[in-house]
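Me: Got a minute to go through this one with me? Let's start with contacts, then rings.
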Amino acid sequence: LLGHAIGSERYAIQSDGDALALTDTFEFTDRGGRIQLASTLRFTSAFAPLHLRSSGRIYRFVNVDADVRVDGDRVHVRNLDDSAAIALPKTFFAIAGYAPLEAQGLLVRYWQTHGRPPTIVTASGDPTTSVTVEDLGFAHLDLAGRRVNLRRFSIDGVAWGREILYLDSASRFAAIVTRANLLPLEGIREDLVASHPAMLDSILADAARAELAAAERLSASIPAVAQGEFAIVGARIIDGTVRAPIENGVVLVRDGRIAAVGSRQTVTLPAGVRTIEAHGKTIMPGLWDMHAHAALPEWGPA
């Protein structure tokens, strides 16, 4: 887990009648235990899935036993002990977890081929889930005096957190940085890492920058409801101590800091201050987790 090769993924894509078929074997060793996943995915020349079969494990306690089949305008989904039949969504891809890694490359190819939709419905999930893909432009890696240009994409919703996928100039899988069930894991195409020993460090640094920038854009996209000086009035306030809640409370905020907290009778509001009505709501201190795994770079600022 510290820059060492822990396993491999081997795959082939071949013609299968009027479709294409991915046959994939994914395996690595985690803390002495063998993690293995066998998958097949039939898909059209436009990367639309026809049938996914994936079985094994993708983490030491995450089992996969998925069968997803498109039949006309219906999708039949079986995942572990659950099964369902749903109407075929407008945008749809079959993927049962972060592995196979090559399937994530095909997912991005599907996204590109189908007009870059804002979201893609994927199965199996519960029985489905929603995935977003974002084109982050080129990553220009300078490796021992040689420049390698890869196209960088963000994938959100396949695994826990955001993944960064890299495709080469021919849109083939090049590398991925993922946080598989909080396990930091990188996959790099064998010929690339063989010819560029420094690629792992470069990919990790680039992906971290990309993830932090994406988190910053998300934060910037959330508009501020109020700033400067304002008061939130009428809520029940729980102050995080053993004291009883304050009914019909007031929180006075000045320049991003709480200036006063109390009941409506005890807190004097400045003349003309903006008030935000919060009757029927509860205000309490922020929660924090005393045990956290900061596996995702975008969690760092939080």
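Reply: Sure. A polar contact is a pair of N or O atoms within 3.5 Å; within protein, one must be able to donate a hydrogen and the other to accept it, and residues adjacent in sequence count only if both atoms are side-chain atoms. This is a predicted model: local features need pLDDT of at least 70, side-chain atom pairs count only at pLDDT 80 or more, and totals for chains, interfaces and linings use all residues. Residues are numbered from 1 along each chain as its sequence is written, and side-chain values use heavy atoms, with hydrogens and water left out.

Me: Which side chain does Asp 67 make a polar contact with?
Reply: His 51, at 3.1 Å.

Me: Is Asp 67 buried or exposed?
Reply: Buried, at 18% relative accessible area (buried is under 20%, exposed over 50%, partly exposed in between; 1.4 Å probe, protein chains only).

Me: OK, rings. How many aromatic pairs?
Reply: Six. Rings of Phe, Tyr and Trp (its six-membered ring) pair if their centres lie within 6.5 Å; planes under 30 degrees apart are stacked, over 60 edge-to-face, the rest tilted. One of the pairs is Tyr 59 with Phe 61, edge-to-face, 4.7 Å centre to centre and 80 degrees between the planes.

Me: How accessible is Tyr 59?
Reply: Tyr 59 is buried, at 6%. Phe 61 is exposed, at 57%.

Me: And what kind of pair do Phe 93 and Tyr 110 form?
Reply: Tilted: 5.8 Å between centres, 55 degrees between planes. Both residues are buried.

Me: Where does Arg 151 lie?
Reply: Over the face of Phe 138, 4.5 Å from the ring centre (cut-offs: NZ of Lys or CZ of Arg within 6 Å of the ring centre and within 35 degrees of the ring normal).
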